Amino acid sequence: MNTLTPGSAPTATSADHVTITPSILYFGTPVVLLSTENEDGSANLAPMSSAWALGQAIVLGVGVEGQTAHNLRSRPELVINLPAPAQWPAVERLAPLTGRSPVPVAKQGGFRFERDKFAAAGLRPEPSELVRPPRVAACPLQLEARAARVQPDVTGVFLIVEAHVLKVHADPRIVVPGSQHVDPARWSPLIYNFRHYYGLGPELGHSFRSQTPR
């Protein structure tokens with residue numbers, strides 16, 4: 001079995017593959033902005049890129065020391081906001097900020113405390129309908145949700161949050177007219193691919209289960 005230490009060259013295991021040890025495994029996941037409620041009733045806004053959907057549930061992975069994790073342990077309401085690719089600069093403005101004061105040990109040196117993250121990112125909050133945290137007005141998709149289960153992951157570094165989606169808000173420009181469906185030809189998520197931002201490329205085809213074939 002071939003191994004690889006950080007900084008060393010890939011080791012060949014076959015004619016087609018090499019063994020590597022990446023520092024992270026963000027292999028093309030969507031970026032979301034999570035809005036949660038702080039203890040004083042103000043809003044926290046945090047970018048994250050470990051999210052996947054199963055029916056009406058969204059599973060999220062958040063850092064255990066961050067303000068989002070702190071909030072969701074006692075105030076389970078949240079909004080899962082999905083930015084469009086062109087909004088990546090706003091996401092990146094949020095990236096080095098934390099809502100925790102003092103800054104957690106794991107974030108010291110690279111992060112700074114910011115109370116008003118909406119303003120720092122140049123984003124506008126708008127009221128939600130079913131939960132207390134606000135939505136991000138500019139995001140084309142906004143999912144009001146409630147965390148049903150919050151528990152540590154196997155490493156103890158992250159929290160796994162299982163959230164039940166209560167209401168979906170969509171920009172009408174990305175909805176198939178006369179339907180309840182998001183038009184995949186008009187909607188592109190912002191993708192976080194090994195710490196670089198991307199949108200989607202041209203469509204290659206569609207699943208036999210698609211309800212919006214062309």
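Below are short exercises on this structure, each with a worked solution.

The model is predicted: local features need pLDDT of at least 70, side-chain atom pairs count only at pLDDT 80 or more, and totals for chains, interfaces and linings use all residues. Residues are numbered from 1 along each chain as its sequence is written, and side-chain values use heavy atoms, with hydrogens and water left out.

**Exercise 1. Describe the protein chain as a whole.**

Solution.
- Start with the elements. The protein chain has three helices and 16 strands. These are DSSP runs numbered from the N terminus (helices: H or I, at least four residues; strands: E, at least two).
- Next, the box. Along the principal axes, the C-alpha atoms fill roughly 55 × 50 × 30 Å.
- Then test the radius of gyration, taken over C-alpha atoms; the globule rule is 2.2 Å times the number of residues to the power 0.38. For 214 residues a compact globule would have a value near 17 Å, and the protein chain has 19 Å, which agrees.
- Now burial. Of the 214 residues, 38% count as buried. Buried means under 20% relative accessible area, exposed over 50%, partly exposed in between (1.4 Å probe, protein chains only).
- Last, contacts (heavy atoms within 4.5 Å). Among those between residues at least 6 apart in sequence, 57% join residues at least 24 apart.

**Exercise 2. Examine the salt bridges.**

Solution.
- Side chains of opposite charge can pair when their charged atoms come close.
- Apply the cut-off: a side-chain nitrogen of Lys or Arg within 4 Å of a carboxyl oxygen of Asp or Glu. The structure holds nine such bridges.
- Take Lys 167 and Glu 129. Their closest N and O atoms are 2.7 Å apart. Lys 167 lies in strand 14 (residues 158-170), and Glu 129 in the loop between strand 11 (125-126) and strand 12 (135-136), so the pair ties together parts 38 residues apart in sequence. Lys 167 is partly exposed, at 30%.
- Take Glu 114 and Arg 112. Their salt bridge spans 3.1 Å, N to O. Arg 112 is partly exposed, at 46%.
- Take Asp 183 and Arg 186. This bridge spans 3.7 Å, N to O. Asp 183 is buried at 12%, whereas Arg 186 is exposed at 58%.

**Exercise 3. Place Thr 212.**

Solution.
- Find the segment. Thr 212 comes after strand 16 (196-198).
- Check burial. Thr 212 is buried, with a relative accessible area of 16%.
- List its partners. Leaving out residues up to four places away in sequence, Thr 212 touches Val 176, His 181, Val 182 and Pro 184.

**Exercise 4. Describe the two largest pockets.**

Solution.
- Fix the term. On a 1 Å grid over the protein atoms alone, a pocket is an open set of points where a 1.4 Å probe fits, with protein on both sides within 12 Å along at least five of seven lines; lining residues have an atom within 4 Å of a point.
- The largest pocket has a volume of about 1,100 Å³. Of its 41 lining residues, Tyr 26, Pro 47, Met 48, Gly 63 and Phe 158 are the closest to the centre. Strand 7 gives the most to this lining, five residues.
- The second largest pocket has a volume of about 860 Å³. Of its 26 lining residues, Ala 53, Leu 141, Leu 143, Val 168 and Val 182 are the closest to the centre. Strand 6, strand 8 (77-82), strand 13 (141-152) and strand 14 each give two or more residues.

Notes: Points joined across faces, edges and corners; volume = space filled by probe spheres on them.
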